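Student: I am new to this structure. Could we go through some of the terms used for it, one at a time?

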Amino acid sequence: MSHLKRYITTPIYYVNDRPHIGHVYTTTICDVWARFQRLAGHDVFFLTGTDEHGQKVEQSAEARGVTPQALADENSAEFRRIMGMFDLTNDEFIRTTDPRHEQQVQSLVKRLMDSGDVYLGTFEGWYDPGQEEYYTETKAREVEFKSPISGKPLERATEENYYFKLSAYQDRLEKMFKDHPGIVRPDARRNEVLGRLREGLLDVPISRTNFAWGIGVPGAPEHVIYVWIDALFNYITALGLADSDSEWYSDRSEYWPAGMQVIGKEILWFHAVIWPALLMALGLPLPECIYAHSFWISEGQKMSKSLGNFIDLEQLQDYMETYGSDALRYFLATQGPLGATDSDFSRSQFHETYTTDLVNTLGNCASRTSAMIGKYCEGACPEDTGECAGGGVEWSDFTAAQVEASIAAMEKFDLSGSIAAAMSIVRQVDAFINDTAPFKLAKDPDSAPMVGNILYRCAEAIRIATCLLEATLPDRVQQLRTAWHLGEASGDLRGECVWGRLEPGTTIEKVALFPRVETS
Ligand code: MSP
């Protein structure tokens with residue numbers, strides 16, 4: 001990635017659902033990336049928000065006897081609340097009912113009408129009312145004319161609609177995938193899109209007349225803009241791209257194109273095909289990467305409302321209270337479904353990851369090191385005079401290589417790879433303590449300089465590892481920074497990770513970062 005300004009987006013979440021693990025997951029992994037980029041000195045804009053229009057919201061509101069706006073307000077507030085609850089550092093929380101968004105969507109659609117990319121036409125096709133989506137003849141046959149989501153029969157529907165001329169973008173989309181194969185990742189997902197692209201593209205209806213809860217088509221208010229078009233535009237309306245007089249535009253327009261647009265695999269088609277085609281039609285640059293992650297399943301089973309096994313907010317809160325918010329972030333980032341396979345969210349796996357990596361490895365190394373510095377060096381960081389028996393580690397080279405690996409992995413949105421590189425430094429410290437046994441050497445007063453050398457290396461390696469882990473474990477790394485008097489992050493991650501930055505003489509207090517949790 002070449003931009004200094006880095007824009008990352010999550011999907012905007014439907015307000016007709018309660019927040020659950022899926023929403024928390026996507027937003028958390030984006031938060032890790034956003035924090036990492038900020039620590040590396042980049043100017044980041046991190047967007048999330050809620051998708052509030054459409055027939056489903058209208059129907060849910062009607063069922064509850066409230067207005068769609070009231071329902072949207074209530075549920076959007078709930079999503080906004082979770083951003084605070086999980087300490088997610090989004091720079092904006094966009095709502096599609098925000099007049100600043102609505103007005104820009106209308107002007108974007110108007111531009112597409114003027115350029116001929118949107119036209120009025122008649123459509124007949126197979127419609128899935130639950131998903132508010134039309135299927136092609138092939139796809140409808142493939143799913144046996146039943147909704148793959150709800151199992152209810154697809155309906156034959158005729159409508160006069162406004163259409164987006166998606167078919168006109170077939171060649172340009174194919175070329176896009178050829179020239180920028182990394183635009184949709186992981187590879188398995190890109191190949192899936194390519195397969196479907198080869199079947200040929202149909203124009204997409206982008207307006208509806210059978211309900212009212214949405215943004216009116218300019219000049220034809222009986223038509224409501226299809227919720228997906230309305231929603232996709234959030235990524236650019238939040239930057240004010242369709243209103244050059246706005247504050248959003250003056251403050252944010254330079255964040256486009258996005259560096260990373262993260263979505264779940266179920267909404268790939270809209271993001272990998274329709275979204276780039278809309279951008280091409282508007283003459284806007286394309287995002288660098290659309291990353292479609294896979295799904296969390298729960299204790300080995302697909303999560304579904306009917307099974308009632310969604311990992312909901314209450315459960316996530318329970319994990320946070322028991323293990324701490326950093327533990328939840330660590331689990332989501334390292335064990336989650338980045339890549340093409342689904343991941344299982346199980347209590348035992350959560351516990352094991354926490355205990356192995358955070359308690360026994362990172363927590364233990366930091367507490368052993370600080371305890372020994374307390375005991376043998378009066379709590380002051382010793383000096384590294386160069387002489388060091390055993391261990392056989394070229395610390396400066398070794399850490400430099402891990403720092404580069406960690407940064408490179410994060411660039412590719414390989415969160416677990418980035419974290420693994422940092423953790424390998426901590427594991428090396430663990431092995432180094434065991435090999436060099438400073439606690440034995442300390443029995444001989446003549447070995448004091450050697451003990452100091454060893455402990456300097458341990459503390460310095462832990463400091464570097466935690467700089468790399470700070471985006472994932474912000475709370476506990478802050479705790480370590482305070483106890484070890486390391487100051488705040490400087491915004492120059494690479495510079496901070498250079499070996500030898502730890503000043504001898506610094507007060508190193510004892511830390512207990514990750515308390516052991518007993519399973520019930
Ligand atoms: N409103 C649309 C997106 C519009 S974006 C222009 C939407 N909203 S949603 O509320 O259904 O959220 C979908 C997103 O939630 C997924 O893309 C994914 O990021 C997340 N998840 C929902 N369930 C999930 C799992 N079981 N596992 C992981 N993430 C999943 O679609």
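Student: Why is Lys5 called partly exposed?

Tutor: Lys5 has a relative accessibility of 27%. Buried means under 20% relative accessible area, exposed means over 50%, and partly exposed is in between, with a 1.4 Å probe and protein chains only. Lys5 is therefore partly exposed. Note that this is a predicted model, in which local features need pLDDT of at least 70 and side-chain atom pairs count only at pLDDT 80 or more, while totals for chains, interfaces and linings use all residues. Residues are numbered from 1 along each chain as its sequence is written, and side-chain values use heavy atoms, with hydrogens and water left out.

Student: What makes the meeting of Asp43 and Lys5 a salt bridge?

Tutor: A salt bridge is a side-chain nitrogen of Lys or Arg within 4 Å of a carboxyl oxygen of Asp or Glu. For Asp43 and Lys5 the N to O distance is 2.7 Å, so the pair fits that definition. Asp43 is in strand β3 (residues 43–51) and Lys5 is in strand β1 (residues 5–9), 38 residues apart. Strands here are DSSP runs of E with at least two residues, helices are runs of H or I with at least four, and both are numbered from the N terminus. Asp43, at a relative accessible area of 30%, is partly exposed.

Student: Why is the pair of Arg6 and Glu411 said to tie together parts of the chain?

Tutor: Their side chains meet in a salt bridge, 2.9 Å from N to O. Arg6 lies in strand β1 and Glu411 in helix α15 (residues 395–411), so the pair ties together parts that are 405 residues apart in sequence. Arg6 counts as buried because its relative accessibility is 4%, while Glu411, at 22%, counts as partly exposed.

Student: Where do Arg190 and Asp187 lie?

Tutor: Both are in helix α7 (residues 187–198), three residues apart, about one turn of the helix. Their side chains meet in a salt bridge of 3.2 Å, N to O. Arg190 is buried at 13% relative accessibility, and Asp187 is partly exposed at 46%.

Student: How many salt bridges does a search of the whole structure find?

Tutor: The search finds 29. Asp31, Arg35, Asp87 and Arg329 are linked in a network of salt bridges.

Student: How do you know that α6 and α11 are roughly perpendicular?

Tutor: Helix α6 (residues 170–179) and helix α11 (residues 268–282) pack at an angle of about 110 degrees, with their axes 10 Å apart. Angles under 35 degrees count as roughly parallel, over 145 as roughly antiparallel, 65 to 115 as roughly perpendicular and the rest as oblique. The two helices are therefore roughly perpendicular to each other. On the α6 side the contact (heavy atoms within 4.5 Å) is made by Arg172, Leu173, Met176 and Phe177. The α11 side has Ala272, Val273, Pro276, Ala277 and Met280.

Student: Why is His351 called buried?

Tutor: Its relative accessible area is 16%, so His351 is buried. His351 is found in helix α14 (residues 347–376). Leaving aside neighbours within four places in sequence, His351 is in contact with Tyr323, Val517, Glu518 and Thr519.

Student: What makes β6 and β9 edge strands?

Tutor: Each of them pairs on one side only. Two strands pair if DSSP finds at least two bridges between them. The open sheet has the order β6-β5-β7-β9, with antiparallel pairing. Three bridges join β5 (residues 118–128) to β6, so these two strands pair.

Note on methods: Axes fitted to C-alpha atoms, helices over the stretch in contact; angles between N-to-C directions.
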